[in-house]
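Take a look at the protein below. This report starts with the whole chain and then moves to a few chosen details.

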Amino acid sequence: MALVRWSRYFLPTWKEDPAEADLPSHRLMLRAGLIRPLAAGIYTYLPFGWRALRKVEAIVREEMDGIGGAELHMPVVHPAELWAETGRLSDFGPQLVRFQDRSGREMVLGPTHEEVVTDLARREIQSWRQLPLMLYQIQTKFRDEPRSRGGLVRVREFTMKDAYSFHEDAADLDRYYPEVHGAYLRIFRRCGLAVVPVEADPGLMGGLGSHEFMLPHDEGEDTFVSCAGCGYTANREGAAARKEPGPAEEPLPLEEVATPGTASIAEVARFLGIPTSRTAKAVFYRAGERTVFVVIRGDLEVNEAKLARAVGTPDLVPATEEEIAALGAVPGYASPIGIRRDGVVVVADDSVAGARNLVAGANREGFHLRNVNLGRDFRADLVADVALARDGDPCARCGGTLRLRRGIELGHIFKLGTKYSAALGATFLDREGRARPIVMGCYGIGIGRLLAAILEAHHDEGGIVWPVSVAPFHVLVAVLGPGEELQDLGGKLAEGLARSGLDVLLDDRERTAGEKFHDAKLVGIPVLVVVGPRSLRRGEVDLERRGDGLKASVPAAPDAVVGGVRELLRADGA
């Protein structure tokens, strides 16, 4: 294994926290010399950080190989026409970086590789005898994120493990999908992370279903719901909550009432002395050339991810007041009754379908309508669950209480079905000789984000506390003093540790003992071997485990030090 001398190693450390870093992992990656910024969301991995990243990659490779994956490497630059075939050239939005090569051919920087791997499959897979198949890579991606934050948690250029499986039918994908799910849990466990698998919305990837793997974290960008009653967990973007039906009433006659100065749901409900759950809220979006008019119960909010999936477009933006008025609706007093429907998609949340005699706008400023009922007074082009789940809502499965938690998404797996194979013509001949589209699955892990999550979960006030499985080095040998005897002993002990199969960093720098102890805590290597004049007078060296501060002294001989270090590493999970 490796033996590296710090005096000849590029490991710059900082004493102070950088002002631009908001998450602990970002601060520690900068201070402990793992990364340095080049531009917004673009980082250089320094040698110490690159060693850790390679340890993480090794775990991922072992688990992917263990479920039959075969590693390949696909280009980061893709022909734009390949993306046009699936429709994602326009759908992906400004995150997709487009450019022309010297011949004027339009190209893109790959934010993901579904198109490329499906193109490979349509060229190479002809028969059911070649299925199932799983291919994966660990490759650079680029997405022009509008806001990068948290160091490696949200970046523009990143390293991802993306895997793709190919099957004869949905049943075979259903059989294989849990194998990937299990491999992901093992990857995160081996990296020292207690993740929560949650049901997720497939989003732009499309497909038949998906799961995300969340690390609970108070400053995470994602929110998920969980039910202690039945174990239901889901990303908030796709989470379903039970909506209690309104009172069982007969539809009453439509009635216009004056409601001056009541442009919000709360004001209307207060003015009329009713709960907001007895009102119907109007929310407007633009989706390309169409207007999407959502009618939802007044106490609920629209979940834009659910809505985008329901209407089949990723490109939803709030409509302007001018666009709302062009429909014949009045902002603040809008109603689905009497609007111009040309180019308008009316979506009713299922909460409205289960309610009677709601209060809605009258499309006249200062007036609302009582006793509005779906079906009698207006029709919807689509009835669907497009509501945002809330903390305390009843669970849709068991009626228990949903709780919201924040988290960092570390992995996402999808049942793609035939979304990409059908679009790109990737077919195979089945057992009866018929041509059918290949059924696909897709499975991603952000490697850099995973490294950041490890630091979020494993640090203290002194610095990083590496899990042994991903530590850049297993042992740090710190020589406290310039004397030839100390330096020779430190080198001999470090060589013995490396010969035993451990990765060793020898701190032979001309620094004070205080500086070396400070840096030892900061860089967080699992076991520290201290070679100092005080212990040497006793014929010993001191050992300290970074995780819990456990100390021990052993004879200053290579075999004894190797045994003592290995015992501490075993107890720490190695």
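## Contacts along the chain

Two residues are in contact when heavy atoms lie within 4.5 Å. Take the contacts in the protein with a separation of 6 or more: residues 24 or more positions apart account for 70% of them. Keep in mind that this is a predicted model.

## The whole protein

The protein has 574 residues, and 52% of them count as buried. Its secondary structure comes to 16 helices and 32 strands. Along the principal axes, the C-alpha atoms fill a box of roughly 100 × 65 × 50 Å.

What does the surface consist of? The protein exposes about 24,600 Å², and carbon and sulfur atoms supply 50% of that area. Charges come in both signs: 71 are positive and 81 are negative. The mean positions of the two sets are 2 Å apart.

## Aromatic rings

How many aromatic pairs does a search of the whole structure find? The search finds 11. One of them joins Tyr9 and Phe473. A pair of aromatic rings is described by the distance of the centres and the angle of the planes. For Tyr9 and Phe473, the centres are 5.8 Å apart and the planes are at 80 degrees, so the pair is edge-to-face. Planes over 60 degrees apart count as edge-to-face.

This pair links distant parts of the chain, 464 residues apart. Tyr9 lies in the loop between strand S1 (3–5) and helix H1 (24–31). Phe473 lies in the loop between strand S27 (463–464) and strand S28 (475–479). Are these residues buried or exposed? Tyr9 is buried, with a relative accessible area of 16%. Phe473 is buried too, at 0% relative accessibility. Tyr9 and Phe473 also belong to one aromatic cluster with Phe48 and Trp466.

## Charges over rings

Some charged ends sit over aromatic rings. The charged end of Arg364 is placed over the ring of Phe367, 3.7 Å from its centre. The charged end of Lys415 sits over the ring of Tyr177, 4.9 Å from the ring centre.

## An enclosed helix

Why is helix H12 described as largely enclosed by the rest of the structure? The helix spans residues 447–457, and 10 of its 11 residues are buried, so the label fits. Buried means under 20% relative accessible area. The buried residues of H12 include Ile447, Leu450, Leu451, Ile454 and Leu455. Arg449 and Glu456 are also among them.

Conventions:
Residues numbered from 1 in each chain as written. Predicted model: local features only at pLDDT ≥ 70, side-chain atom pairs only at ≥ 80, totals over all residues. Heavy atoms only, no water. Helix = DSSP H or I, 4+ residues; strand = E, 2+ residues; numbered from the N terminus. Buried < 20%, exposed > 50% of the residue type's maximum accessible area, 1.4 Å probe, protein only. Areas by Shrake-Rupley, 256 points an atom, 1.4 Å probe, with all protein chains shown as cover. Lys, Arg positive; Asp, Glu negative; His and termini not counted. Charge placed at Lys NZ, Arg CZ, Asp CG, Glu CD. Phe/Tyr/Trp six-rings, centres within 6.5 Å; stacked < 30°, edge-to-face > 60°. Lys NZ or Arg CZ within 6 Å of the ring centre and 35° of its normal.
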